[in-house]
Amino acid sequence: MCGGTHHIAGALIGAAVNESRHSRHSHVHGSSHHRSQEAAVPQPSITQEIKLMYARGDIDSASYHRLLEMARSGELTWDDLRELSTRGASAAPQAAAVTPKDRDADIVRSLNKLYAHRSAIEQSRKENETILARLEADAERLREQAETARQKADAITGQDEESARAYLAVCQDALERVSVLDERIASLRQDLARLADLELELATKEAELKALESRSKLADLESSIREDMLAG
């Protein structure tokens, strides 16, 4: 069943994109130059917008995965994304997404801010993890360098004291640099732990907001049902 929905939504999205591109080509002179500039937009920006659209409930799961595939293959531009957003890219017949106008505006705004914060946290976490991995590799390389120098110093102690002292100096310098790196590594790990805590807080807040939205929808539904019953 999920596979069929994915296929239907994918076909609808593809058709909408093609139609949008054909329309722009027919009515805007020099559109090929404009599209070449669009193609220069970094793909991560487009994929991030798709993730935010999905998180907000603007598109369903099938549309989300199909749009990501198109963005990663270079088949999707910002104009395509705006066109699909206007049309309503989520066209799966079994699970129509709730449009923003049908949702509580304050809750939607709060959720949008939350998703933006989550995106920033995710980006910061990836950057810190990249830096941490590099520092850990540097520290390990320096430890190996220090150990090699120590062994060489031990091997020639009593035979060539001057060279032995030089090796010991290399060993000491490497260990001092390792100590500095270890401090930075510990600091980065603390930062990552703080980011993890923030992610948990955001997840809790998201659950609260969605629960509040669900109660609001239930209240509206109950009111509508009672009105219909009284009118009947």
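**A walk along a helical chain**

Let me begin at the surface, where L218, L221, I225 and M229 form a nonpolar patch with about 430 Å² of accessible area together. One of these residues, L221, lies in helix α7, which covers residues 161–231, and L221 is partly exposed, with a relative accessible area of 49%. Please keep in mind throughout that what we are looking at is a predicted model.

Now let us step back to the whole chain. How many helices and how many strands does the protein chain have? There are seven helices and zero strands, and if you read along the sequence you therefore meet the pattern α-α-α-α-α-α-α. Of the 232 residues in the protein chain, 28% count as buried, and the accessible surface comes to about 15,000 Å², of which 54% belongs to carbon and sulfur atoms. If we take the contacts between residues at least 6 apart in sequence, 80% of them join residues at least 24 apart.

Next comes helix α6, residues 105–156, where we can do a small check together. At 1.5 Å a residue, the 52 residues of α6 should span 76 Å, and the end C-alpha atoms of the helix are 77 Å apart, which agrees. After α6 comes G158, whose phi is positive, near 90 degrees. In the loop between α6 and α7 we also find D160, which is partly exposed at a relative accessible area of 33%, and whose side chain is joined to the side chain of S163 by a polar contact of 2.7 Å.

Let me turn to charged side chains. Side chains of opposite charge can pair when their charged atoms come close. In this model the count comes to twelve salt bridges, and I will take you through a few of them.

The side chains of K126 and E122 meet in a salt bridge, at 3.3 Å from N to O. Both residues lie in helix α6, four residues apart, which is about one turn of the helix. An α-helix has 3.6 residues a turn, so residues three or four places apart point the same way. As for their surroundings, K126 counts as partly exposed at 40% relative accessibility, and E122 also counts as partly exposed, at 22%.

A second pair connects two helices: the side chains of R189 and E136 meet in a salt bridge of 2.5 Å, N to O. Why does this pair tie together parts that are 53 residues apart in sequence? The reason is that R189 lies in helix α7 whereas E136 lies in helix α6. R189 is partly exposed, with a relative accessible area of 48%, and E136 is partly exposed as well, with 29%.

The last pair I want to show is K210 and E206, which form a salt bridge whose closest N and O atoms are 3.0 Å apart. Because K210 and E206 are four residues apart in helix α7, they are separated by about one helical turn. Is each partner buried or partly exposed? K210 is partly exposed, with a relative accessible area of 39%, while E206, with 11%, is buried, because buried means under 20%. Salt bridges that share partners join R118, E206 and K210 into one network.

To close, I would ask you to find two places in the structure yourselves: the salt bridge between R189 and E136, and the nonpolar patch of L218, L221, I225 and M229 with which we began.

How values were computed. Residues are numbered from 1 along each chain as its sequence is written. This is a predicted model: local features need pLDDT of at least 70, side-chain atom pairs count only at pLDDT 80 or more; totals for chains, interfaces and linings use all residues. Side-chain values use heavy atoms; hydrogens and water are left out. Patches are made of residues with over 30% relative accessible area and no salt bridge: like charges are joined within 9 Å, nonpolar side chains (Val, Leu, Ile, Met, Phe, Trp, Tyr) within 5 Å. Accessible areas come from the Shrake-Rupley method with a 1.4 Å probe; for residues, only the protein chains shown count as cover. A salt bridge is a side-chain nitrogen of Lys or Arg within 4 Å of a carboxyl oxygen of Asp or Glu. Helices (H or I, at least four residues) and strands (E, at least two) are DSSP runs, numbered from the N terminus. Buried means under 20% relative accessible area, exposed over 50%, partly exposed in between (1.4 Å probe, protein chains only). The expected span of a helix is 1.5 Å times one less than its number of residues. A polar contact is a pair of N or O atoms within 3.5 Å; within protein, one must be able to donate a hydrogen and the other to accept it, and residues adjacent in sequence count only if both atoms are side-chain atoms. Contact means heavy atoms within 4.5 Å.
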